[in-house]
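Thanks for sending this one over. I have put my notes into numbered points so that you can follow them with the structure open beside you.

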Amino acid sequence: MKHYSAFAVAREALRYHTGWERAWRSPQPKKRYDVIIVGAGGHGLATAYYLGKNYGIQNVAVIEKGWLGGGNTGRNTTIIRSNYLQDPSAAIYEKARSLYEGLSQDLNYNVMFSPRGVMMLAQTQSEIRGYQRTAHANNLQGVTTEWISPQRVKELVPIINLDGPRYPVLGALWQARGGTARHDAVAWGYARACSAMGMDIIQQCEVNGVRTEGGNVVGVDTTKGSIDCDKLGVVVAGHTGQLAEMAGFRLPLESIALQALVSEPIKPCMDVVVMANTVHGYMSQSDKGEMVIGGGTDAFNNYTQRGSFHHIEETVRALVETFPMVSRLKMLRQWGGIVDMTGDRSPILSKTPVGGCFVNCGWGTGGFKSIPGSGWGMAQLMATGHSPLTEAFSLDRFKEGRFIDESVAAGVAH
């Protein structure tokens, strides 16, 4: 009897149900493309998709050193929200959230978007003031959020303990139209749509050199040969600094592991997303019944994509007081991803010192929620040279001191 690996079974099932074979075949690259996107995660695939849909640029290759969606896109906890304090952040995240609402129809592929609502608990007096300030800023930005009382928190999340001895729940910032989506489905949906446009998605193709002439990018060298291009988009999250060095410039980034875990499946008990930033823990329940749990980033720079015991201890300990039922659960699995952090905890979507080379990086712990908005803005920047969504996130801000300080909103893992 012939035996198949789990990956082979999943691949054949996807091919059968979607008729999508082109991307999985990983075609050999052509000699020249109008645009090469490095990184077949959500951000890279979304950029390619909107280049084709919005600007008719379809001679595009998306190249990936591993497998499609195998980086942070497949290693996150799927939270979608847009209640950020600073105007540029709120604009791009709200664009992403609004695109998520219609993404399944747009791609003709179910990304399982679930607008279940996201609440951010206030457990200190300073958090009350901070979240009320954010609620006022969101109302000015056109982002619908509200400050809710502890009693309303209890109505929305019956399993919560409001009267923890160390950190009682004093209220919450509530975004009813936030929620979750299926991370793999987002990558597959964008990839399927890109493939239908005739774009090449080339897996197991690692970039080991960026070629330039006269200060402009002319192509890349890969493990599958050299490829020429007119424009290059670097969208590789935690490995962006390595690609930038190949192109001859440096970026203000550091790479850190971010870990998460899920419990054994249990009956439905929680239908919203709850974040507790004071103790660095957050939790939601998946469609399969697992409690999806995460916390803060590792305390040291690294490229690790696996879990560690100290993270389980710190994160679960933080949540047990607020959700006592967590103490009775068993852990099912744990994993890690590599996040790239900037000094102001805001992303970089920008031209670079190399002509024709663009970077999309620095999303830190907030990358998944921004995928459609990031792709939309990045495609506009690459196609036209300018985008209102990305203008504030250029590299120039670090020279000019125009920081977009989201250290409170994005400096933790959610």
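The points below go through a helix, a sheet, the nonpolar cores and one strand residue.

1. Please keep in mind that this is a predicted model. With that said, let us start with helix 8.

2. Helix 8 covers residues 183–196, and its 14 residues should span 20 Å at 1.5 Å a residue. The end C-alpha atoms are indeed 20 Å apart, so the expected and computed spans agree. After the helix comes glycine 198, with a positive phi near 95 degrees.

3. Is helix 8 largely enclosed or largely open? It is largely enclosed by the rest of the structure, because 11 of its 14 residues are buried. Among the buried ones are His183, Asp184, Gly189, Tyr190 and Cys194.

4. Now to the sheet. It is open and mixed in its pairing, with 8 strands in the order 5-6-4-13-14-15-12-16. Strand 5 (146–148) and strand 16 (331–341) are at the edges; each has a single partner strand, so one side of each has no neighbour in the sheet. On average, and ignoring direction, neighbouring strands are turned by 25 degrees against each other.

5. Within this sheet, strand 12 (residues 254–263) and strand 15 (residues 291–301) run antiparallel and are joined by 5 bridges. Isoleucine 256, for instance, has asparagine 301 of strand 15 as its bridge partner. Helix 10 (residues 309–320) packs on the sheet, where it touches strands 12, 14, 15 and 16, and its direction makes about 125 degrees with that of strand 15.

6. Next, the nonpolar cores. In soluble globular proteins, nonpolar side chains tend to be buried together. Here the largest core has 48 residues, of which Ile37, Leu45, Tyr100 and Tyr190 touch the most other members. Elements that each supply at least two of its residues include strand 1 (32–38), helix 3 (42–55), helix 4 (87–101) and helix 11 (371–384). Helix 8 gives the largest share, 7 residues.

7. Which residues does isoleucine 37 contact, leaving aside neighbours within four places in sequence? They include Leu51, Val60, Val62, Gly233, Val235 and Met382. Another core, of 27 residues, lies apart from the largest one, and Tyr33, Ile36, Leu251 and Ile348 are among its members.

8. Finally, look at threonine 212 in strand 9 (residues 207–213). This threonine is partly exposed, at a relative accessible area of 37%. Beyond neighbours within four places in sequence, threonine 212 is in contact with Val217, Val218 and Val354. Its C-alpha atom is 22 Å from that of isoleucine 202, which sits 10 residues away along the chain.

Definitions and conventions: Residues are numbered from 1 along each chain as its sequence is written. This is a predicted model: local features need pLDDT of at least 70, side-chain atom pairs count only at pLDDT 80 or more; totals for chains, interfaces and linings use all residues. Side-chain values use heavy atoms; hydrogens and water are left out. Helices (H or I, at least four residues) and strands (E, at least two) are DSSP runs, numbered from the N terminus. The expected span of a helix is 1.5 Å times one less than its number of residues. Buried means under 20% relative accessible area, exposed over 50%, partly exposed in between (1.4 Å probe, protein chains only). Two strands pair if DSSP finds at least two bridges between them. Axes are lines fitted to C-alpha atoms, for helices over the stretch in contact, and angles run from 0 to 180 degrees between N-to-C directions. Contact means heavy atoms within 4.5 Å. A nonpolar core is a set of buried Ala, Val, Leu, Ile, Met, Phe, Trp, Tyr and Cys residues joined through side-chain atoms within 4.5 Å.
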